Amino acid sequence: MKPKELLFALLLACASIASAQHQVLPDFQADPSARVFHGHLYVYPSHDLTGSKDWDMVDWHVFSTDDMVHWKDHGVIFGLKDLTWAGKHAWAPDCIERNGKYYFYFPADNQIGVAVSDTPTGHFKDALGKPLIGRDEVPGVSVFDPNIFIDDDGQAYLYFGNSHDKLGVVKLKKDMITRDGPIQILDVKNYHEGIWVHKRKGLYYFSYPSYRGDKIANLMEYSISKSPLGPFEYKGVIADNRSRNIHGSIVEFKGKWWLFYHVEGPSAYERRVCVARLRYASDGSILPIKMTDPTGLAIPVVSSSR
């Protein structure tokens, strides 16, 4: 092969890799919640079981990185066996730090609980011994997919729910385990589940898998607001992962913004966590991300600490 042909082949190979959806965690993880604590990036996913035929997850891991290339698996940090009030459906979690403690919000049996640890890698302990939000408290809204957000003024908001266009939210007290006021219902266009809230330059971004009648949860869409409680301006689609569903998070790490999300693996119940660069236009809108077929997934570099 001539030098120019070799160079072209190498460039073509690199372009092919760059255009593929980039897997960062080992099989099988989903619903990634990405957080930056003290300069390190942590991802809290749900954990799909190999060969599963349903959403029958039982525990949660956490993974960390300093360079977005090498990842450490810190092992199981919490699971259904740590609960007395639920025994199934260890679905999409979230985690936040406050006053030197780490608070892990998790769904189980269509309820939301909270666990606490002195470190971001656990092991976490059930903080209440009961749900923070019960399954029958919000008519018409399924109680799962928690997302915790602390605003600049220190007020914490816990968002949750699966319901067409309806999003649940409740304020939390500074202890992060006590509700502060009633649950409110927000109207968010095309909202289906998996809410994620982040703030940038004074704007609140609400990103979520959408509901469009014939298409459920494969599109990541978003709305913006000047308040954590709305009203909301619908902005459009961030990404189509070309898979059965998508669920993810948006985080800034070392000066760049990233979208973490999952794609379908061997089955819809064996999913893989991927990441893509996220960019904003000058007016603050999110530039759509072009996804490709997930068959080109890269192999993640992961070590285990347990």
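# Exercises on a predicted fold

Asn99 is exposed, with a relative accessibility of 71%; here buried stands for under 20% relative accessible area, exposed for over 50%, and partly exposed for what lies in between (1.4 Å probe, protein chains only). The model is predicted: local features need pLDDT of at least 70 and side-chain atom pairs count only at pLDDT 80 or more, while totals for chains, interfaces and linings use all residues. Residues are numbered from 1 along each chain as its sequence is written, and side-chain values use heavy atoms, with hydrogens and water left out.

## Exercise 1. Backbone geometry

Task: Locate Asn99 and Asp165, and state what sets their phi angles apart although neither is a glycine.

Solution.
- Step 1. Asn99 sits in the loop between strand E6 (94-98) and E7. Strands (E, at least two residues) and helices (H or I, at least four) are DSSP runs, numbered from the N terminus.
- Step 2. The phi of Asn99 is positive, at about 55°.
- Step 3. Asp165 belongs to the loop between strand E11 (156-160) and E12, and has a positive phi of about 70°.
- Step 4. Asp165 is partly exposed, at 33% relative accessibility.

Task: Identify where the peptide bonds ending at Phe28 and His123 lie, and give their omega values.

Solution.
- Step 1. The bond from Asp27 to Phe28 is cis, with omega near -15°; Phe28 is placed in the loop between E1 and E2.
- Step 2. The bond from Gly122 to His123 is also cis, with omega near 10°. His123 occupies the loop between E8 and E9.

## Exercise 2. An open sheet

Task: Give the strand order of the open four-stranded sheet, and explain why one side of E1 and of E18 has no neighbour.

Solution.
- Step 1. The order is E1-E20-E19-E18, with antiparallel pairing. Two strands pair if DSSP finds at least two bridges between them.
- Step 2. E1 (22-23) and E18 (249-253) are edge strands, each with a single partner, so one side of each lacks a neighbour in the sheet.
- Step 3. E18 and E19 (residues 256-267) run antiparallel and are joined by five bridges. Within E19, Trp257 is the bridge partner of Glu252.

## Exercise 3. Charged pairs

Task: Analyse the salt bridges of Arg271, Glu137 and Asp187.

Solution.
- Step 1. The whole structure has 12 salt bridges, each a side-chain nitrogen of Lys or Arg within 4 Å of a carboxyl oxygen of Asp or Glu.
- Step 2. Arg271 pairs with Asp31, with closest N and O atoms 3.9 Å apart. The pair links distant parts of the chain: Arg271 lies in E20 (residues 270-278) and Asp31 in E2 (residues 29-37), 240 residues apart.
- Step 3. Arg271 is buried, at 4%, and Asp31 is buried as well, at 7%.
- Step 4. Glu137 meets Arg179 at 2.9 Å, N to O. Glu137 is in the loop between E9 (125-126) and E10 (147-150), whereas Arg179 is in the loop between E12 (166-172) and E13 (184-187), 42 residues apart.
- Step 5. Glu137 is partly exposed, at 38%, as is Arg179, at 26%.
- Step 6. Asp187 meets Lys166 at 2.4 Å, N to O. Asp187 in E13 and Lys166 in E12 are 21 residues apart.
- Step 7. Asp187 is exposed, at 51%, while Lys166 is partly exposed, at 33%.
- Step 8. Salt bridges with shared partners unite Asp31, Asp48 and Arg271 in one network.

## Exercise 4. Asp109 and its surroundings

Task: Is Asp109 buried or exposed, and which residues does Asp109 touch?

Solution.
- Step 1. Asp109 lies in the loop between E7 (101-107) and E8 (112-117).
- Step 2. Its relative accessibility is 17%, so Asp109 counts as buried.
- Step 3. Leaving aside residues up to four places away in sequence, Asp109 touches Ala86, Lys88, His89 and Arg135, contact meaning heavy atoms within 4.5 Å.

## Exercise 5. Nonpolar cores

Task: Describe the largest nonpolar core, and state which element gives the largest share.

Solution.
- Step 1. A nonpolar core is a set of buried Ala, Val, Leu, Ile, Met, Phe, Trp, Tyr and Cys residues joined through side-chain atoms within 4.5 Å.
- Step 2. The largest core has 24 residues; Tyr44, Ile77, Phe78, Leu83, Phe104, Phe106 and Phe124 touch the most other members.
- Step 3. Two or more residues come from each of E3 (40-47), E4 (59-65), E5 (70-79) and E7. E7 gives the largest share, three residues.
- Step 4. Another core, of 21 residues, lies apart from it and includes Trp196, Met220, Ile246 and Met291.
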